[in-house]
Amino acid sequence: MADTSTKQTSDAVPVPLSLAGDLSLLYLFSSTLLSTMKLNKLLHLILSALVCENNGLFGRSMLFLYNQKTNTLQGMLGICRENTAGFHVVDSDPDNPLSGFWDLEADALTLQQQSPFCADVRGTRIDLSDGCRLVTRVVHDRKLCCLADLDCQGCDECDFVERFGISTCAAVPLVTRNNLIGIIIVDNPSGQQKITGEQLQVLQLFANQAGMAIENTRLYRNLEEAHAELSEARQRLVHGAHLAAIGEMAASISHELKTPLITIGGFAARLERTLPEDTPQRHYLETIINESHRLERLLGDILAFSRKPTICYQPCNLKAVVEECLADYRLTLDDRKITLETALPAGRWKLLGDAGQLKQVCINLLTNAQEAMPNGGRLRVGLAGIEEQGRPLMVLSIADTGGGIPEETMKKLLTPFFTTKRHGTGLGLAIVSRIVQNHGGILRVSNTAEGAEFKIVLPQAPTEVLEG
Ligand SMILES: Nc1ncnc2c1ncn2[C@@H]1O[C@H](COP(=O)(O)OP(=O)(O)O)[C@@H](O)[C@H]1O
Ligand SMILES: [Mg+2]
């Protein structure tokens with residue numbers, strides 16, 4: 001680079017570039033910008049290149065990022081010449097001036113970040129609505145500007161110039177596709193040389209390339225994020241396919257096991273009846289019977305869970321489904337000293353669905369409610385019609401007084417095989433959720449003052465479907 005340190009900006013005589021020196025400097029700079037896709041490192045490299053000893057361009061460089069919403073510039077990074085240790089040229093060839101690029105060691109990067117000057121810059125926020133004239137002009141005009149063009153000294157609109165002890169400085173916008181990313185401010189500490197016209201030209205060229213490089217790293221980051229999302233989705237799909245295969249296998253094994261299990265339970269029950277009470281053999285048989293019932297339940301749940309959704313739903317009546325389940329359950333409720341309160345008003349409770357599966361939903365919820373109240377309680381079952389976003393919906397609610405669901409359990413409620421019960425299968429709610437989803441509905445769970453409340457929201461069938 002030509003030594004133009006004695007020339008003043010205010011002289012503003014365009015100084016021709018010393019072609020070989022400046023070309024190699026710009027080459028170094030542009031190849032450096034291509035050397036990394038890490039935004040943080042890139043910013044350090046840009047600011048270090050502007051202040052490093054070898055280039056001798058400026059004494060300090062600062063980066064402020066623009067926030068359009070708040071109309072402010074936030075200080076992000078500040079580097080002074082003393083903090084450029086570890087900044088060096090790599091892969092340069094003495095026979096070829098257009099070779100090599102700058103790099104910065106990881107430790108040096110951390111040191112730069114921890115320097116008091118950087119902390120000062122990071123602690124600076126410039127409000128553009130009533131702030132510094134210099135930066136406001138750079139932001140509005142999107143043009144390089146230097147202190148000599150404006151009289152910022154003694155300006156009482158902000159203390160930026162005074163705070164940083166600036167006597168000669170220049171600010172350049174970082175623009176990509178006409179969007180302002182931020183600005184770079186460079187200066188020479190007081191008492192040192194003024195900024196020359198040639199240095200300003202180099203600064204502008206740096207800034208043009210830096211803007212593009214920053215945009216590139218942003219685009220690259222977006223690409224990386226999109227790629228990560230895609231591969232996550234792919235993994236989910238593969239996982240889903242695996243699960244489906246496992247589900248099918250589980251279903252066929254369950255099916256095979258169910259018949260011999262029923263036989264074992266049945267014969268054990270027959271044998272039990274032939275034995276006198278209080279014999280150890282009778283106790284063994286009781287265990288066989290209980291365990292085979294438990295396994296039957298588990299296999300039943302696995303079969304229900306892995307059942308494929310019905311493709312073609314039939315018109316059915318939700319109120320009739322609920323009443324049928326309650327009739328099946330009445331004796332059990334009486335035994336457990338659970339009082340039943342129903343609110344099942346007459347109305348239009350028709351939907352397109354699979355009555356058998358809806359019954360399963362109801363039974364699973366009633367079973368859980370009853371199991372939550374081993375010492376008795378109150379069970380409320382209700383049906384209500386609501387409208388959401390112009391769509392008529394039906395809400396089936398089942399509430400108990402069993403103390404509710406702890407927060408930790410609430411998070412895992414629908415996870416298959418999650419259970420807090422000694423003999424639970426952990427599939428009841430997973431089945432409910434799947435059936436409800438297949439019917440285009442939503443399952444809502446909440447705690448009331450006394451217990452848990454499950455709400456099933458299902459879409460009402462359109463009149464023309466039922467009557468047409
Ligand atoms: N009405 C309820 N009150 C309190 N906890 C409940 C209720 N319903 C479900 N839970 C909790 O959710 C868990 C999962 O329920 P579920 O999927 O039906 O499996 P299981 O009943 O076999 O444990 C239960 O183990 C229990 O901890
Ligand atoms: Mg259950």
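Modeller: Helices here are DSSP runs of H or I with at least four residues, numbered from the N terminus. Keep in mind that this is a predicted model.

Colleague: Got it. Which helix is Gln 112 found in?

Modeller: Look for the helix whose residue range takes in position 112. The range 106-114 does, so Gln 112 is found in helix H3.

Colleague: And is Gln 112 buried or exposed?

Modeller: Anything under 20% relative accessible area counts as buried. Gln 112 has a relative accessible area of just 1%, so the word for Gln 112 is buried.

Colleague: Which side chain shares a polar contact with the side chain of Gln 112?

Modeller: Leaving aside neighbours within four places in sequence, Gln 112 is in contact with several residues, including His 44, Ser 48, Asn 83 and Thr 84. The polar side-chain contact is 3.0 Å, and the partner is Ser 48.

Colleague: Let's move to Asn 188. Which residue's backbone nitrogen does its side chain reach?

Modeller: Asn 188 sits in strand S8 (residues 179-189), and at 1% relative accessibility Asn 188 counts as buried. Its contacts beyond four places in sequence include Leu 57, Phe 58, Gly 59 and Ser 167. At 2.8 Å, the side chain of Asn 188 reaches the backbone nitrogen of Gly 59.

Colleague: How many disulfides are there in the whole structure?

Modeller: A disulfide would need two cysteine sulfur atoms within 2.5 Å. The search of the whole structure comes back with a count of zero.

Colleague: How far is Cys 52 from the nearest cysteine sulfur?

Modeller: That sulfur belongs to Cys 80, and Cys 52 is in no disulfide. A pair must lie within 2.5 Å to count, so Cys 52 doesn't qualify, the distance being 13 Å.

Colleague: What about Cys 145, which cysteine has the nearest sulfur to it?

Modeller: Cys 145 is in no disulfide either, with that nearest sulfur 6.7 Å away. Cys 145 is buried, at 3% relative accessibility. The cysteine you're after is Cys 146.

Colleague: Zooming out, how far apart do the C-alpha centres of domain 1 and domain 2 lie?

Modeller: The protein is divided into domain 1 (9-220), domain 2 (226-305) and domain 3 (314-467). For domain 1 and domain 2, the C-alpha centres lie apart by 69 Å.

Colleague: Now the ligand. How much of the accessible area of ligand 1 does the protein cover?

Modeller: There are 20 residues around ligand 1, and among those that come nearest are Asn 368, Asp 400 and Thr 419. A polar side-chain atom of Thr 419 lies 2.5 Å from an oxygen atom of ligand 1, while backbone atoms come in at 2.9 Å for Thr 425 and 2.8 Å for Leu 429. Of the 530 Å² that ligand 1 has on its own, the protein covers 92%.

Colleague: Why is helix H12 said to be largely enclosed by the rest of the structure?

Modeller: Helix H12 spans residues 428-438, 11 in number. Its buried residues, including Leu 429, Ile 431 and Val 432, pack against helix H8, helix H10, strand S14 and strand S15. H12 counts as largely enclosed because its tally of buried residues is eight of the 11.

Colleague: Last one: which residue just after H12 takes a positive phi?

Modeller: H12 covers residues 428-438, so we look past 438. The phi there is about 75°, and the residue is Gly 440.

Methods: Residues are numbered from 1 along each chain as its sequence is written. Chains are lettered from A and ligands numbered from 1 in the order in which they are written. This is a predicted model: local features need pLDDT of at least 70, side-chain atom pairs count only at pLDDT 80 or more; totals for chains, interfaces and linings use all residues. Side-chain values use heavy atoms; hydrogens and water are left out. Buried means under 20% relative accessible area, exposed over 50%, partly exposed in between (1.4 Å probe, protein chains only). Domain bounds come from an automatic or database domain assignment. Helices (H or I, at least four residues) and strands (E, at least two) are DSSP runs, numbered from the N terminus. A polar contact is a pair of N or O atoms within 3.5 Å; within protein, one must be able to donate a hydrogen and the other to accept it, and residues adjacent in sequence count only if both atoms are side-chain atoms. Contact means heavy atoms within 4.5 Å. A residue is near a molecule or strand if one of its heavy atoms lies within 4 Å of it. Accessible areas come from the Shrake-Rupley method with a 1.4 Å probe; for residues, only the protein chains shown count as cover.
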